[in-house]
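The exercises below deal with a ligand and the empty spaces in a protein. Work through each task before reading its solution.

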Amino acid sequence: MPDSSGFPTTRLRRLRYLPQVRQLVRSTRLAPSDLIYPLFVKAGGRGREEIASMPGQFQLSLEELDREMTELAGLGLGGVILFGLPAAKDATGSDALSDQGIVQQALAVTKRAAPGMLAISDVCFCEYTSHGHCGLLHEHHGQTDVDNDATLELLGRQAVSHARAGADMIAPSGMMDGMVGSIRRALDAAGFTQTPIMSYAAKYASAFYGPFRDAADSAPQFGDRRSYQMDPASDPGQALREVELDLAEGADLIMVKPALAYLDILRSVRDRFPGVPLAAYNVSGEYSMVKAAAARGWIDERATALESLVAMRRAGASAILTYWAKDAARWLA
Ligand code: PBG
């Protein structure tokens, strides 16, 4: 007698028995074109220097970037996102605004070596300031803080300088209030009305960024980023408010960051804003943990990485920024 569940008439294992059926009933797809590869470019760098905390990732000189882009051109990736390590840092992060800045030069190399590849630039100040914070500092009621409104003007200038150097898309990551609107106005005023903005809209103050701060040499020299990045324990509705505001200010694509510990946020953003392209940033710590365990033979890197990327897609991400982009493109080929 069948019980009320329908068993034995209903056997869900029938959908799993044959690999061909499993393949047919899959609904989450992962393709190289969904993946964006982060690259670190170092002014005056010699060759490629492996990042100790991120095995398999490198700080590239401009010459090595040229070589890397040529190699990436044929992999069908969704794009690259560039991070710069300037020759010198100062209190205002002036390299970020210079037409001869490291990212500006890197963008030129990228567009020359792989003209068909989408080149995204991260717009923020933490890699360029001597104090490592994401904007200008000021004293506010006896406390040193990032001066939100003074930083906005600089973000607009940085974005325009990147667009002039060849950036196809601008990705502001500093979590300043009003940053998307300021950047949109600055781009439009300079004639870049067709340059999209991918906003790091819901970006949390996360320990999972640890290895990145080695990679980009961008650790805050004092304090932390909790007065601008989101509190992991805050109400998920706050992430929706961040997204809503950024969209109202003109964001074209929205990002949630980190990814794995924030799949619930990805899902809520996807459900609340169905038509909006949504990116997830599979951050440095998520990568390094798997690398470290794989190096000890404790975990299968390829299977774990692909499963993580599928989980992000299933939670609603249309695009994923990931250090596995290049490897995954080969695994998926
Ligand atoms: C800020 C920025 C950070 C990351 C991307 N853009 C670091 C931070 O906010 O501290 C982190 C990426 C990662 O961990 O992989 N420019």
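A polar contact is a pair of N or O atoms within 3.5 Å; within protein, one atom must be able to donate a hydrogen and the other to accept it, and residues adjacent in sequence count only if both atoms are side-chain atoms. The model is predicted: local features need pLDDT of at least 70, side-chain atom pairs count only at pLDDT 80 or more, and totals for chains, interfaces and linings use all residues. Residues are numbered from 1 along each chain as its sequence is written, and side-chain values use heavy atoms, with hydrogens and water left out.

**Exercise 1. Find side-chain partners of the ligand.**

Step 1. Start with nitrogen: a ligand nitrogen atom lies 3.4 Å from a side-chain N or O atom of Lys257.

Step 2. Turn to oxygen. The side chain of Tyr323 has an N or O atom 2.6 Å from a ligand oxygen atom, and for Arg225 a polar side-chain atom is 3.0 Å from an oxygen atom of the ligand.

Step 3. Check the cover. Alone, the ligand exposes 410 Å², and the protein buries 100% of that (accessible areas by the Shrake-Rupley method with a 1.4 Å probe; for residues, only the protein chains shown count as cover).

**Exercise 2. Describe the shell around the ligand.**

Step 1. The ligand is surrounded by 18 residues (each with a heavy atom within 4 Å of it). Lys203, Arg213, Lys257, Ser284 and Tyr323 come nearest.

Step 2. Sort them by class: 9 are nonpolar, 3 polar and 6 charged (Ala, Val, Leu, Ile, Met, Phe, Trp, Tyr, Cys and Pro count as nonpolar, Asp, Glu, Lys and Arg as charged, and the others, Gly among them, as polar).

Step 3. Look for elements. At least two shell residues each come from β9 (198-203) and α7 (210-215) (DSSP runs numbered from the N terminus: helices are H or I with at least four residues, strands E with at least two).

**Exercise 3. Locate the ligand among the empty spaces.**

Step 1. Define a cavity: on a 1 Å grid over the protein atoms alone, it is a set of points where a 1.4 Å probe fits but cannot get out, and its lining residues have an atom within 4 Å of a point.

Step 2. The ligand sits in the largest cavity (more than half of its atoms lie within 2 Å of the grid points).

Step 3. Its lining has 20 residues, with Cys126, Lys203, Tyr209, Phe212 and Lys257 nearest the centre. Both β9 and α7 give two or more residues to this lining.

Note on methods. 1 Å grid on protein atoms, 1.4 Å probe; cavity = no way out; pocket = protein on both sides within 12 Å on 5 of 7 lines; lining within 4 Å.
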